[in-house]
Amino acid sequence: MTTPGPGSRTGTRPGAAPAVTPRLARSAAALHAALPRRRGADAGRRAVVMTMGALHDGHAALVRAAREAVGDRGQVLVTVFVNPLQFGAGEDLDRYPRTLDADVVLAVDAGADVVFAPGAGEVYPGGEPQVRIAAGPMGERLEGAFRPGHFDGMLTVVAKLLHLTEPDLAFYGRKDAQQLALIRRMVRDLNFPVDLVGVDTVREPDGLALSSRNRYLAPQERRAALALSRALFAARDAVARGAGPEDARAAAHRVLAPAADGTPPVTLDYLALVDPSDFTDVAAGFTGEAVLAVAGRVGTTRLIDNIPLPFPEGPA
């Protein structure tokens, strides 16, 4: 029996797009053998979607966007790697869900050609790297203040995976707004030859942002967690009525305040209205697009979310 090559499509359902048959690569050598870089006039573009596994519909949206961008001639890679450098003391590295078989199925159905799932020894062959990418001042704000060193580890593995996968395009979710902003800065500052594409946050019908950590929430905790997205939506509605930055923040706080006394409580880490270029707080007269970012804990689970808020210039 002949094994379908990368990009071949099998098992088409009536009325559905044909599924891609990928190869699971556990090493860089296997990746390059499974999906060699094409050259010349017939070469399509290559896109990568980087994940830590435990894939859900939000990741599928990234893969679908990547496939649409590169078309049938292009190549779509999904990386699955739980990066130990991103986890600090007391965080959930050992607890983080690992569901590779299910991840491959989801990636295939969404349009991936190859799933690259290296082990730590493949990504960091000498052990923890002594030379790392520093996130700088933006990496010390908000998430960086609560998770020291997190963004250094994130940028280090992103840089490594960009080298290993050699994409033309890389797709990231806007749910991790600060992460995406830092990757954009790294790519610009260090001249990485890749175009970055942000994909909108995917939410449950009740508004909760999809996250691999949502599976940790008990039913009552999940209901409490909705306060995070409701706070963002309250600020969005206030801005639609003409509110400025201070009133938008106040609208969100009015939702979060009672949630802190709920059962279970939502423990707020931060609610910040920031300039997306550097994640500094915006002033009262700010105009342009800001990001309202929130992070909090429900039980033992820490969740983040954000929403863009446009503040137009007033009448001349």
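Start with the surface switched on: the accessible surface of the chain comes to about 15,100 Å², and 53% of that belongs to carbon and sulfur atoms. Accessible areas here come from the Shrake-Rupley method with a 1.4 Å probe, and for residues only the protein chains shown count as cover. What you have open is a predicted model, in which local features need pLDDT of at least 70 and side-chain atom pairs count only at pLDDT 80 or more, while totals for chains, interfaces and linings use all residues. Residues are numbered from 1 along each chain as its sequence is written, and side-chain values use heavy atoms, with hydrogens and water left out.

**The whole chain**

Now colour by pLDDT (the predictor's confidence in each residue, from 0 to 100). The chain averages 91, and 91% of the residues score at least 70. Select residues 1–20 and you'll find pLDDT under 50 throughout. The model has 29 contacts for this stretch beyond four places in sequence, a contact being heavy atoms within 4.5 Å.

Switch to cartoon and you can follow nine helices and eleven strands. The radius of gyration is 21 Å, close to the 20 Å that the globule rule gives for 316 residues, so the chain is as compact as a globular protein of that length. That radius is taken over C-alpha atoms, and the globule rule is 2.2 Å times the number of residues to the power 0.38. The helices (H or I, at least four residues) and strands (E, at least two) are DSSP runs, numbered from the N terminus.

Turn the C-alpha trace about: along its principal axes it spans about 65 × 45 × 45 Å. Of the 316 residues, 52% count as buried. Buried means under 20% relative accessible area, exposed over 50%, and partly exposed in between (1.4 Å probe, protein chains only). Among contacts between residues at least 6 apart in sequence, 71% join residues at least 24 apart.

**The loop between E4 and H2**

Select Gly 53, in the loop between E4 and H2. Gly 53 is buried, with a relative accessible area of 2%. Show what surrounds it: not counting residues up to four places away in sequence, Gly 53 touches His 59, Val 80, Tyr 96, Asp 103 and Ser 212. For a distance check, draw a line from Gly 53 to Ala 252: they are 199 residues apart in sequence and 31 Å apart in space, C-alpha to C-alpha.

Step along to Ala 54, in the loop between strand E4 (46–51) and helix H2 (57–70). Ala 54 has a positive phi of about 50° although it is not a glycine. At 0% relative accessibility, it counts as buried.

**Rings**

Tyr 96, one of the contacts of Gly 53, is a good way into the aromatic pairs. Rings of Phe, Tyr and Trp (its six-membered ring) pair if their centres lie within 6.5 Å; planes under 30 degrees apart count as stacked, over 60 as edge-to-face and the rest as tilted. By this rule there are four aromatic pairs. Show Phe 87 with Tyr 96: the ring centres are 6.0 Å apart and the planes sit at 75°, so this pair is edge-to-face. Phe 87 is buried at 11% relative accessible area, and Tyr 96 is buried at 7%.

Next, select Phe 286 and Phe 311, an edge-to-face pair with 6.5 Å centre to centre and 85° between the planes. This pair links distant parts of the chain, 25 residues apart: Phe 286 is in the loop between strand E9 (266–274) and strand E10 (288–298), and Phe 311 is in strand E11 (residues 301–311). Both are buried.

For another kind of ring neighbour, pick Arg 95 and Tyr 216. The charged end of Arg 95 sits over the ring of Tyr 216, 3.8 Å from its centre. The test for that is NZ of Lys or CZ of Arg within 6 Å of the ring centre and within 35 degrees of the ring normal.

**Last stops**

Go to Glu 122 in helix H4 (residues 120–123). Glu 122 is partly exposed, with a relative accessible area of 31%. Leaving aside neighbours within four places in sequence, Glu 122 is in contact with Arg 26, Ser 27 and Ala 28.

Then try Asn 191, in the loop between helix H7 (177–189) and strand E8 (195–199). Asn 191 has a positive phi of about 60° although it is not a glycine, and at 65% relative accessibility it counts as exposed.

Finish at Pro 264, in the loop between helix H9 (245–259) and E9. The peptide bond leading from Thr 263 to Pro 264 is cis, with omega near 0°.
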